[in-house]
Amino acid sequence: CVDGNVAVMGCFAGRASGAPAGGCTPPSAAVGGCTPPSVSAFGTSEMHVGGSMVMEGVAEVDMEGFLFLGGDFDNHVVAAGCFDFATGVVEMNGALEQSFEVAGEDRGADPSGLVNNFAIGAMVVGANGTVRLVDGFVNQIDSPGGVCEAVYVDTLVLESASTLLCDCPIYYVHLIDNGGVLCDGAVQIPACTNDCDDDGDIDLLDFRELQACVDLSPTSPSCRTCFDCNADGSVGLADVGVFQRSFTGSSE
């Protein structure tokens, strides 16, 4: 637990061209051989920060656990490959209005936005709280000037009497609304259907399509739409598990 702010100062003082798009080893020519600092939380571990969470430059953020935040979420990381929050949870529970710096490329309501794009596993706006999505820093090297970046979230949770204000877009797959107010700029990403032939059930015909998609590289758009339920860009064992739980029976 930390009452004040937590700062993770990376190898770049700010946004810099040449930051890596994938992986987390910065180019030595750009940073003088600097190894990125890191912050991690694994499994069901919890990090409680009373102030703001500040992340700068090429800093490795690997969060599988829970981050409870009383201040702002200031994400100034410039390398998407260094930011892994895809299974982590951030709960914004401050008494005053909090800001959340969006960092992802705006890819519209497409599951690809959840992959290597500063995505968040779950964002929780705490009871009676107000969170504003802002874009005060250009994280993505190729983001056009004057255009808001975006945040992609698998699960968005609005607790009682909470408010999410969107100065920039947010895209989510699942919404849990416990009595909050959601901004107009929030857009839902269609979840995978598993019903690839669109006949209203999930049967052996769909299973044959699934078999053709598993471990296919590159994964076709139709495979992603039907079966890539964890939106990682491929159809693997986790997606097969979701299909098994959704299976309704044979149509033959």
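In the predicted model, Met-55 has Asn-75 as its bridge partner in strand S7. Strand S7 spans residues 73–77 and runs parallel to S4, to which five bridges join it. On the other pairing of S4 described here, strand S1 (residues 6–9) is joined to S4 over four bridges, again in the parallel sense. Within that pairing, Val-8 is matched with Met-55 of S4. Met-55 is therefore a bridge partner both of Val-8 and of Asn-75, and S4 pairs with S1 as well as with S7. Strand S4 covers residues 53–57, and five of its five residues are buried, so the strand is largely enclosed by the rest of the structure.

Asn-75 itself belongs to strand S7. With a relative accessibility of 2%, Asn-75 counts as buried, because the cut-off for that class is under 20%. The side chain of Asn-75 comes to 3.1 Å from the backbone nitrogen of Val-77. In a regular strand, side chains point alternately to the two faces of the sheet.

Four disulfides are found when the whole structure is searched. One of them links Cys-148 and Cys-168, with an S to S distance of 2.0 Å. Cys-148 is located in the loop between strand S11 (130–134) and strand S12 (151–158), while Cys-168 is in the loop between strand S13 (163–166) and strand S14 (170–177); the bond therefore ties together parts that lie 20 residues apart in sequence. The two cysteines fall into separate accessibility classes: Cys-148 is partly exposed at 28% relative accessibility, whereas Cys-168 is buried at 5%.

Another disulfide is formed by Cys-196 and Cys-226, whose sulfur atoms are 2.3 Å apart. This link is right-handed, with 85° about the S-S bond. Cys-196 is placed in the loop between strand S15 (186–188) and helix H2 (204–213), and Cys-226 in helix H3 (residues 221–227), so parts 30 residues apart in sequence are tied together by the pair. Cys-196 has a relative accessibility of 25% and counts as partly exposed. Cys-226, at 6%, counts as buried.

Helix H3 also holds Cys-223, which is paired with Cys-213 of helix H2; this pair therefore ties together parts that are ten residues apart in sequence. The S to S distance in the disulfide of Cys-213 and Cys-223 is 2.0 Å. The link of Cys-213 and Cys-223 is left-handed, with -75° about the S-S bond, whereas that of Cys-196 and Cys-226 is right-handed. Cys-213 is buried, with a relative accessible area of 4%, and Cys-223 is likewise buried at 4% relative accessibility.

A nonpolar patch is present on the surface. Leu-204, Phe-207 and Phe-247 make up this patch, which has an area of about 220 Å². Phe-247 is situated in the segment that follows helix H4 (237–246). At 34% relative accessibility, Phe-247 is classed as partly exposed. Asn-75 of strand S7, by contrast, is buried at 2%.

Notes: Residues are numbered from 1 along each chain as its sequence is written. This is a predicted model: local features need pLDDT of at least 70, side-chain atom pairs count only at pLDDT 80 or more; totals for chains, interfaces and linings use all residues. Side-chain values use heavy atoms; hydrogens and water are left out. A disulfide is a pair of cysteine sulfur atoms within 2.5 Å. Helices (H or I, at least four residues) and strands (E, at least two) are DSSP runs, numbered from the N terminus. Buried means under 20% relative accessible area, exposed over 50%, partly exposed in between (1.4 Å probe, protein chains only). Two strands pair if DSSP finds at least two bridges between them. Patches are made of residues with over 30% relative accessible area and no salt bridge: like charges are joined within 9 Å, nonpolar side chains (Val, Leu, Ile, Met, Phe, Trp, Tyr) within 5 Å. Accessible areas come from the Shrake-Rupley method with a 1.4 Å probe; for residues, only the protein chains shown count as cover. A salt bridge is a side-chain nitrogen of Lys or Arg within 4 Å of a carboxyl oxygen of Asp or Glu. A polar contact is a pair of N or O atoms within 3.5 Å; within protein, one must be able to donate a hydrogen and the other to accept it, and residues adjacent in sequence count only if both atoms are side-chain atoms.
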